[in-house]
Amino acid sequence: MRKRFLFGAIGIALLGASGAAAETARITTSYGMAVIGLPIGKASFDTVIEGGRFTVEGQLSSSGLGSLVSDTGGTSKVSGTVTRRGFAAERYALDYSSDRKRWSSDVAFAGGRVTSSAVSPKRDKPKPSYVPVSKSQLSSVVDPLSGLMIRTRDAASVCKRTLPLYDGWSRLDLVLSPAGTNTYSMTGYSGEAVVCNAKVRPVSGYDKASKGLKFLKDQTIQVWFAPIAQPDTYVPVYAHIPTKVGPLTLNALSVAVR
């Protein structure tokens, strides 16, 4: 679960474009990832918003020290409609591999409700400590990509929310709380970022005996959101995630809007 969560964290900064049906927006965002300051991975996302619809395609790969420790790579994709309130996913997919093991997920949504979900490999026989996902817990959820794009013109409200995430395997809440503001600069953007503290609150689809999850839910994650392309859409540009080997950091390196 922790690796999937980290993959989702890499995919959290994406869009930030107008939802006007008559406009077409194309956004390319690149990220770097490091552990205790040492580069271990990179990611890029290509987003298209056109005619009231959006698609995001992302790629992740290990690099630097990460390539020596673990060969990790994958793709993620989400598509759906643009509404006044935000981005409503209709289909979310994830396919990634690490150390010759492969995982994939395909989830369909309608009005925030999960209508179908398929993952590979399938869980053979859950442990007694496994918490299963119930149907009622999938009636109002968001995917880990478009679900972390916050549409609002009130910067003070960005961190005053709980994000109900579902990736096909696990249901968890990311509980945000305000932690001030800071300045963020990268190629293509320089301005104020809203700083949120975040706590991971497992709901279902996880093993209660997992030491990694126990560690993560006791930590405070920090995520910075910024309106990198439009003033009414905040997306993460920086994340600091504690791990047992040291802090994992995610930094947006550049954004290009065409």
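# A tour of the strands, cores and salt bridges

Select Ile 49 first: its bridge partner in β3 is Phe 54. This is a predicted model, in which local features need pLDDT of at least 70 and side-chain atom pairs count only at pLDDT 80 or more, while totals for chains, interfaces and linings use all residues. Residues are numbered from 1 along each chain as its sequence is written, and side-chain values use heavy atoms, with hydrogens and water left out.

**Stop 1: strands β2, β3 and β4**

Strands here are DSSP runs of E with at least two residues, numbered from the N terminus. Colour strand β2 (residues 38–50) together with β3; they pair in the antiparallel sense over 10 bridges. Two strands count as paired if DSSP finds at least two bridges between them. β2 and β3 form a hairpin with 2 residues between them, and Gly 51 in the turn has a positive phi of about 60°.

Now show the side chains of strand β3 (residues 53–62). Which of them are buried? Phe 54, Val 56, Gly 58, Leu 60 and Ser 62 point to one face and are buried. Arg 53, Thr 55, Glu 57, Gln 59 and Ser 61 point to the other face and are not buried. Buried means under 20% relative accessible area, exposed means over 50%, and partly exposed is in between (1.4 Å probe, protein chains only). In a regular strand the side chains alternate between the two faces of the sheet.

On its other pairing, β3 runs antiparallel to strand β4 (residues 72–82), with 9 bridges. To find the register, select Glu 57, which stands opposite Lys 77 in β4.

**Stop 2: strands β10, β11 and β12**

Move to β10 (162–166) and β11 (171–186). They pair in the antiparallel sense over 5 bridges, and Thr 162 stands opposite Val 175 in β11. β10 and β11 form a hairpin with 4 residues between them, where Gly 168 in the turn has a positive phi of about 105°.

Asp 167 is found in the loop between β10 and β11. Is Asp 167 buried or exposed? Asp 167 is buried, with a relative accessible area of 11%. Its side chain reaches the backbone nitrogen of Trp 169 at 2.9 Å. This is a polar contact (a pair of N or O atoms within 3.5 Å; within protein, one must be able to donate a hydrogen and the other to accept it, and residues adjacent in sequence count only if both atoms are side-chain atoms).

Follow β11 to its end. β11 and β12 run antiparallel and are joined by 14 bridges. Met 186 stands opposite Tyr 189 in β12. The two strands form a hairpin with 2 residues between them, and Gly 188 in the turn has a positive phi of about 100°.

**Stop 3: the nonpolar cores**

A nonpolar core is a set of buried Ala, Val, Leu, Ile, Met, Phe, Trp, Tyr and Cys residues joined through side-chain atoms within 4.5 Å. The largest has 41 residues, and those with the most contacts inside it are Tyr 184, Met 186, Ile 228 and Val 237. Strand β5 (residues 87–98) gives the most to this core, with 5 residues.

Select Val 237 and show what surrounds it. Leaving aside neighbours within four places in sequence, Val 237 is in contact (heavy atoms within 4.5 Å) with residues including Tyr 184, Met 186, Trp 224 and Leu 250. A second, separate core of 23 residues includes Met 33, Cys 196, Tyr 234 and Leu 248.

**Stop 4: salt bridges**

Side chains of opposite charge can pair when their charged atoms come close. A salt bridge is a side-chain nitrogen of Lys or Arg within 4 Å of a carboxyl oxygen of Asp or Glu. A search of the whole structure finds 8 salt bridges.

Select Asp 106 and Arg 91, whose closest N and O atoms are 2.7 Å apart in a salt bridge. Asp 106 is in strand β6 (residues 101–110) and Arg 91 in strand β5, 15 residues apart. Asp 106 is partly exposed at 30% relative accessibility, and Arg 91 is partly exposed at 42%.

Next, select Asp 173 and Arg 201, which form a salt bridge with the closest N and O atoms 3.1 Å apart. Because Asp 173 lies in strand β11 and Arg 201 in strand β12 (residues 189–204), the pair ties together parts that are 28 residues apart in sequence. Asp 173 is buried at 10% relative accessibility, whereas Arg 201 is partly exposed at 43%. Add Arg 171 to the selection: salt bridges that share partners join Arg 171, Asp 173 and Arg 201 into one network.
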